[in-house]
Amino acid sequence: MQTNYEIIPELRAMTRLTEHEKGFNNEIAVHLDEEDQKRMYRTMRKLLADELVFVLNLEVTQARIKKG
């Protein structure tokens, strides 16, 4: 398996959100080609959007409960 040792810029920006960015990026660059990286990036972006919506809804619900 040939590796490119580089990740796509969009995925690099996304992984900066993690605590272990350097190790995570190294694993991505060594094991995934650009096509797989793009697929993973799309999945991560969708999951992040879903998580944000969930957290926002939770916070709004908790704020409404506090206000009574």
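Two residues are said here to be in contact when heavy atoms of one lie within 4.5 Å of heavy atoms of the other. With that in mind, and remembering that the model on screen is predicted, begin the tour at Ile8.

Select Ile8 and, leaving aside its neighbours within four places in sequence, display what it touches: Glu34, Gln37, Lys38 and Tyr41 are the residues in contact with it. Two of these names, Ile8 and Tyr41, return at the next stop, since both belong to the largest nonpolar core.

To see that core, add Ile7, Leu11, Met14, Ile28 and Ala29 to Ile8 and Tyr41, which completes the set of 7 residues. Colouring by helix is useful here, for the elements that contribute two or more residues to this core are α1, covering 9-15, and α2, covering 21-31.

Now turn to the charged side chains, of which a search of the whole structure picks out 5 salt bridges. In general, side chains of opposite charge can pair when their charged atoms come close.

Start this part with Glu6 and Arg12, whose closest N and O atoms are 2.6 Å apart in a salt bridge. Switching on the surface should show both as partly exposed, with a relative accessible area of 41% for Glu6 and 26% for Arg12.

Next, return to Glu34 and Lys38, already selected as contacts of Ile8, and look at them as a pair: they form a salt bridge in which the closest N and O atoms are 3.3 Å apart. Both residues lie in helix α3, which runs over residues 34-67, and they are 4 residues apart, about one turn of the helix. Glu34, at 42% relative accessibility, is partly exposed, and Lys38, at 36%, is partly exposed as well.

Follow helix α3 to Lys46 and Asp50, where another salt bridge has its closest N and O atoms 3.4 Å apart. How far apart are Asp50 and Lys46 in helix α3? They are separated by 4 residues, which is about one helical turn. Asp50 is partly exposed at 39% relative accessibility, whereas Lys46 counts as exposed at 54%, because the exposed class begins over 50%.

For the last stop, select Leu17, which is found in the loop between α1 and α2. Is Leu17 buried or exposed? Its relative accessible area is 62%, so Leu17 is exposed. If you draw a distance from the C-alpha atom of Leu17 to that of Glu34, 17 residues away along the chain, the separation is 20 Å.

Technical notes
Residues numbered from 1 in each chain as written. Predicted model: local features only at pLDDT ≥ 70, side-chain atom pairs only at ≥ 80, totals over all residues. Heavy atoms only, no water. Salt bridge = Lys/Arg side-chain N within 4 Å of Asp/Glu carboxyl O. Buried < 20%, exposed > 50% of the residue type's maximum accessible area, 1.4 Å probe, protein only. Core = buried A, V, L, I, M, F, W, Y, C linked by side-chain atoms within 4.5 Å.
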